[in-house]
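Student: I'd like a close look at one part of this model, with the details spelled out. Please walk me through how a run of neighbouring helices packs, and then put it in context.

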Amino acid sequence: MGTKCEPPDINPVMMGQAPRSRRQALGKTTWVAIWLIYLAGPIGDMAQAGVSTAERLWGGLGLSLFVLAYLLLIYRHMWRVLNRTLMRSALAVMLTLSIVLSTTLGFEWLVLFTFTSVASAVVLTWRWSRWSIPLITLLLLGIGARYPEIRGYYLFAYGLPSLGSGYMMVGVQHLIHTTAELRAAREEVARLAANEERLRLARDLHDLLGHSLSLITLKSELAGRMLPSRPDEAAKQVADIEQVSRQALVDVREAVTGYRRPRLAVELAGVRAALSTAGVKITVDPALEGEHPPLAADEEGALAWALREATTNVIRHSGARHCELLLAQEWEPDERRYLCLTVLDDGAGPPRTQHDGNGLSGLRERLALTDGRLETGPAPRGRGFALRAYVPLPATPPTPASSPTPISQKVTIPGINHTP
């Protein structure tokens with residue numbers, strides 16, 4: 001059905017997407033790592049004069065372990081579902097280091113709580129993160145109160161970023177999940193559309209080739225019987241076969257491109273030729289040959305397909321000697337108006353355990369697309385088969401001055417469950 005086209009890359013962060021190349025993986029890594037620039041405060045604190053070597057060693061070791069736990073949580077979460085024990089352990093390490101380092105080394109280390117808040121929002125569900133984020137922020141405020149030099153502004157400089165960044169990351173996570181779901185839904189819609197197109201193509205080819213090949217088979221058998229004694233008539237049948245084959249080729253091409261819209265008048269001419277060749281006498285309602293209520297292209301096409309499929313089944317399966325085609329305009333109790341095509345034959349009739357074949361199943365689908373329906377059952381005279389195809393007409397309520405008259409008398413078919 002063609003090559004699947006990818007949309008242009010308008011998401012440089014690859015939000016909700018796994019990287020498909022090294023370049024994309026590098027981009028996602030850079031986007032995560034760039035936020036580590038906020039650790040410049042603790043690093044600058046260790047580089048100041050007067051800081052002892054022990055404090056620098058302790059700070060460097062603690063900060064390295066903190067960053068390792070943070071990257072482990074973030075990157076492992078990006079690539080796969082985290083093990084719950086590993087996730088909780090890494091968060092516990094980050095929270096412990098945030099408390100201990102900010103308590104022992106100075107207020108510059110309070111920024112570690114912001115990273116811990118963000119990490120909890122990334123790896124925890126909303127059920128847990130909605131409590132963990134404010135708890136982490138309260139711990140930050142409690143420890144920050146120990147430092148008199150920042151009491152005037154630490155609430156805004158450290159507390160609000162910790163709380164805001166955590167809840168902001170909750171929103172980002174929700175956006176990531178929504179993006180992934182929308183992408184999966186789009187792929188599912190594309191798959192269903194492709195399946196629907198395959199079904200349409202299979203249905204069209206069945207309807208087109210089934211009718212044409214049946215006619216070719218009949219005319220070939222007839223030409224074979226005529227060939228020894230009546231070569232001129234056999235040649236005429238061969239010419240008809242050539243004409244039908246060419247038309248079938250045209251029909252298949254049009255069906256593949258989706259532009260074929262059969263018309264009742266054209267199908268009626270083909271039905272006459274096919275039934276006559278099969279030796280089936282045909283009676284056609286004058287309404288079918290004359291004027292009938294105007295139909296949209298889809299509704300007329302559905303009735304034309306119904307006429308073709310019904311007569312093809314008469315030729316193939318019924319063994320009938322006579323076929324009758326009727327067209328009637330009918331009003332339903334709910335004031336909806338339908339145009340009904342009825343095809344009757346005097347053949348073997350439906351089997352006791354009747355199941356729709358591919359042709360009737362496809363025909364039901366065609367009619368359903370136009371809000372129509374298909375009814376099948378025994379013919380009214382007790383022998384044979386009856387098929388009725390309904391397509392809706394525009395509802396124009398009748399008036400006493402001009403009430404609608406049926407195109408032909410409505411045929412009541414026993415055995416058909418009529419459900420308006």
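Tutor: Start where α4 passes α5: the crossing is left-handed (the near helix is turned anticlockwise from the far one by less than a right angle). Bear in mind that this is a predicted model, with local features needing pLDDT of at least 70, side-chain atom pairs counting only at pLDDT 80 or more, and totals for chains, interfaces and linings using all residues. Numbering runs from 1 along each chain as its sequence is written, and side-chain values use heavy atoms, leaving out hydrogens and water.

Helix α4 covers residues 84-105 and helix α5 covers 112-123 (helices are DSSP runs of H or I, at least four residues). Their axes sit 9 Å apart, at an angle of about 165 degrees (lines fitted to C-alpha atoms over the stretch in contact, with N-to-C angles from 0 to 180 degrees). That makes α4 roughly antiparallel to α5 (over 145 degrees).

Now for who meets whom. On the α4 side you'll find Met87, Leu91, Met94, Leu95, Leu97, Ser98, Ile99, Leu101 and Ser102; facing them from α5 are Leu112, Phe113, Phe115, Thr116, Ala119, Ser120 and Val123 (contact means heavy atoms within 4.5 Å). Sort the α4 and α5 residues in that contact by class and you get 12 nonpolar, 4 polar and no charged residues (Ala, Val, Leu, Ile, Met, Phe, Trp, Tyr, Cys and Pro are nonpolar; Asp, Glu, Lys and Arg charged; the others polar).

Zoom in on Leu97, which belongs to helix α4. Leu97 is buried, at a relative accessible area of 9% (buried means under 20% with a 1.4 Å probe, protein chains only). Leave aside neighbours within four places in sequence, and the contacts of Leu97 are Trp58, Gly62, Leu65, Phe66, Ser102 and Leu112. Take Leu112 from that set: Leu97 and Leu112 are 15 residues apart in sequence, with their C-alpha atoms 8.2 Å apart in space.

Carry on along the chain and α5 packs against another helix, α6 (residues 126-144), at an angle of about 175 degrees and again with axes 9 Å apart. So α5 and α6 are roughly antiparallel to each other too. Here α5 contributes Phe113, Thr116, Ser117, Ser120 and Ala121, while α6 brings Ser129, Ser132, Ile133, Ile136, Leu139, Leu140 and Ile143. The class count for the contact of α5 with α6 is 7 nonpolar, 5 polar and no charged residues. Look back at the α4 list and you'll see Phe113, Thr116 and Ser120 of α5 there as well.

As for context, the largest nonpolar core has 39 residues, and Leu288, Leu303, Leu307, Leu325, Leu341 and Leu387 touch the most other members (a core joins buried Ala, Val, Leu, Ile, Met, Phe, Trp, Tyr and Cys residues through side-chain atoms within 4.5 Å). Helix α11 (residues 297-318) gives the most to this core, with 8 residues. There's also a second, separate core of 26 residues, and that's where Met94 turns up again, with Leu39, Leu105 and Trp109 also among its members.

Stepping right back, 41% of the protein's 420 residues count as buried. And among contacts with a separation of 6 or more, 71% link residues 24 or more positions apart.

How values were computed. Helices (H or I, at least four residues) and strands (E, at least two) are DSSP runs, numbered from the N terminus. Angles under 35 degrees count as roughly parallel, over 145 as roughly antiparallel, 65 to 115 as roughly perpendicular and the rest as oblique. Buried means under 20% relative accessible area, exposed over 50%, partly exposed in between (1.4 Å probe, protein chains only).
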